[in-house]
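The following paragraphs lead a new reader through one protein structure, step by step. Please keep the sequence and the coordinates at hand while reading.

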Amino acid sequence: MTSVTQPAILGGRPILAAPVMFAQPTVSSDATTLALLGEVLASGALTKGPQLTALEREIAEFLGVGHAVAVASGSAGLMLALRCLGVSGNIIMPSFTFMATAHAAVWNGLTPLFVDIDPDTLTVAPDSVSAALRAGAGAVMPVHVSGTPADTANIMDLAGRHNVPVIIDAAPAFGARYPDGRLVGTKGLAEIFSLSPTKSFTAGEGGIVATNDGHFAAELRVAREYGNPGDFDSAMVGTNGRMPELSAALARRNLARLDDVLDARRRLVARYRQALSCVAGLRFQRVPAGASSTFKDLSLTVSAEQFGLDRDTFARALAAEQIPTRQYFDPPVHRQTAYRHLAGSHPPLPNTERAAREVIVLPLYSHMPEAVVDQVVTAVARIHRHAEAIRAFAAAVDAGRT
Ligand SMILES: *Cc1c(COP(=O)(O)O)cnc(C)c1O
């Protein structure tokens, strides 16, 4: 029963003739960029040079923040920031995040105290932070999941009452805005960005620690230099956390066009959102009123009852249409092998468990043609229309497997 109206998983022709790219970096490779990279190579200064200094100045200016310290990666930024913070014990953080958030804590001898998320914004829920603060913690680390700002104002208020510092994993959120209109990067003791290629603003690899605390920034600059203040008498156990000059130069070029890149992403998301708003059971990650997201990931939750298929079967049906998806974050950090020993040390995480089961990330990159969005939308609608048949087919396949 092959027909053009059948979903590909049931034998129909895939909506797309070739696989869609799930994500792609949008990078400058114009003559100005190539000339700048050539200049760096010709200069012989491959690290600790003028590109780094210029990038740090330009980013501090862009964000409206006192200091931007460029580092080798988002992970390095998180690790160095926690090292300089010098706290011990528990650090409150969501489990619904990328593993690197928790790794940075453990590398510093801290214990992640996982708390639950808000089911709509998918970012850490202030009331669960509040409960965890009463149990005692050295720091709170909210995460701007998928590039959407966490409820930082409320969390800072709560943490302030316990005199606990807030340090923010802003890795995917460079260019996002808080509900009060300020750019992400301006709150907490520090906000840490990643400039890896999957983020909207990239240096190839790299990271930025943004802070208004001059003393903290100075410490970070020593920490990224092995802890060597300049006299080779190490003041602390640092590491090589530097961003190379070629990466800094590339980041400067990408910074110059960041607004265009983010505008393009937001237009594509609006198109997705408008077209999918009539499909029952699909819910977009909520961006708080007045805030903006970078949409590093286009995250939706799939309600199996309303949509007719669970997330995993939906993903299989999309894959058959040549549409790759991701399941961020499944498993959530607290159920990953490296963290299972912490089970029992944190409260139940029902919203996290549910998001891990229900969230699907659809393809998105800044230069994605609108026609591709429309094809993905067509595939989603077709799958939804045939949900019952797909459910039966998937059940039969799974039964045959066991
Ligand atoms: C990307 C990301 C990181 C890690 O950044 P790297 O530059 O890859 O080390 C950390 N936390 C979150 C939430 C991220 O999205």
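In which helix is S75 found? The model is a predicted one, and in it S75 belongs to helix α3, which covers residues 74-85. S75 is partly exposed, because its relative accessible area is 32%. Its C-alpha atom is separated by 22 Å from that of F62, although the two residues are 13 apart along the chain.

S75 also introduces the ligand. There are 15 residues around the ligand, and those that come nearest are G74, S75, D169, S194 and K199. Three of these residues can be described through individual atoms. In G74, a backbone N or O atom lies 2.8 Å from an oxygen atom of the ligand. In D169, a polar side-chain atom lies 2.8 Å from a nitrogen atom of the ligand. In K199, an N or O atom of the side chain is 2.6 Å from an oxygen atom of the ligand.

K199 deserves a closer look. An unreviewed UniProt entry carries the annotation "modified residue: N6-(pyridoxal phosphate)lysine" for K199. In the model, K199 lies in the loop that runs between β6 (190-194) and β7 (207-211). Is K199 buried or exposed? Its relative accessible area is 15%, so K199 counts as buried, the limit for that class being under 20%. Leaving aside residues up to four places away in sequence, K199 touches A171, P172, S194 and K296.

From here the path leads to the nonpolar interior. The largest nonpolar core has 41 residues, and I59, V140 and F193 are those with the most contacts inside it. Several elements each supply at least two residues of this core: the helices α2 (50-63), α5 (126-135), α6 (152-161), α8 (245-256) and α9 (258-276), together with the strands β1 (67-71), β3 (111-115) and β7. Helix α2 gives the most, with five residues. The surroundings of F193 can be followed in the model: not counting residues up to four places away in sequence, its contacts include L63, G74, A170, A171, F174, V184 and I208. Apart from this core lies another one, of 36 residues, and among them are V269, F314, L364 and V373.

Helix α5 shows how one element is placed against its neighbours. Which of its residues are buried? In α5, S128, V129, S130, A132 and L133 are buried. The buried residues of this helix pack against β2 (90-94), β3, β4 (139-140) and α6. An α-helix has 3.6 residues a turn, so residues three or four places apart point the same way. After α5 comes G136, whose phi is positive, near 100°.

Charged side chains provide a further set of links. How many salt bridges does the model contain? The count comes to 18 salt bridges. In one of them, the side chains of R311 and D330 meet with an N to O distance of 2.8 Å. This pair links distant parts of the chain, 19 residues apart: R311 is in helix α11 (residues 311-320), and D330 is in the loop between α11 and α12 (350-358). The partners differ in their surroundings: R311 is buried, because its relative accessible area is 3%, whereas D330, at 32%, counts as partly exposed.

A second salt bridge joins E321 and R382, with the closest N and O atoms 2.9 Å apart. E321 lies in the loop between α11 and α12 and R382 in helix α13 (residues 370-385), so the pair ties together parts that are 61 residues apart in sequence. E321 is buried, with a relative accessible area of 0%, and R382 is buried too, with a value of 5%.

The loop between α11 and α12 also holds R335, while E353 lies in helix α12, so that a bridge between them ties together parts 18 residues apart in sequence. In the salt bridge of R335 with E353, the closest N and O atoms are 2.9 Å apart. R335 is partly exposed, with a relative accessible area of 32%, and E353 is partly exposed at 23%. Finally, K48, E225 and R242 are joined into one network by salt bridges that share partners.

Note on methods:
Residues numbered from 1 in each chain as written. Predicted model: local features only at pLDDT ≥ 70, side-chain atom pairs only at ≥ 80, totals over all residues. Heavy atoms only, no water. UniProt positions renumbered as here; feature names shortened; annotations may be inferred. Helix = DSSP H or I, 4+ residues; strand = E, 2+ residues; numbered from the N terminus. Buried < 20%, exposed > 50% of the residue type's maximum accessible area, 1.4 Å probe, protein only. Contact = heavy atoms within 4.5 Å. Core = buried A, V, L, I, M, F, W, Y, C linked by side-chain atoms within 4.5 Å. Salt bridge = Lys/Arg side-chain N within 4 Å of Asp/Glu carboxyl O. Near = heavy atom within 4 Å. Polar contact = N/O pair within 3.5 Å; in protein donor to acceptor, adjacent residues only side chain to side chain.
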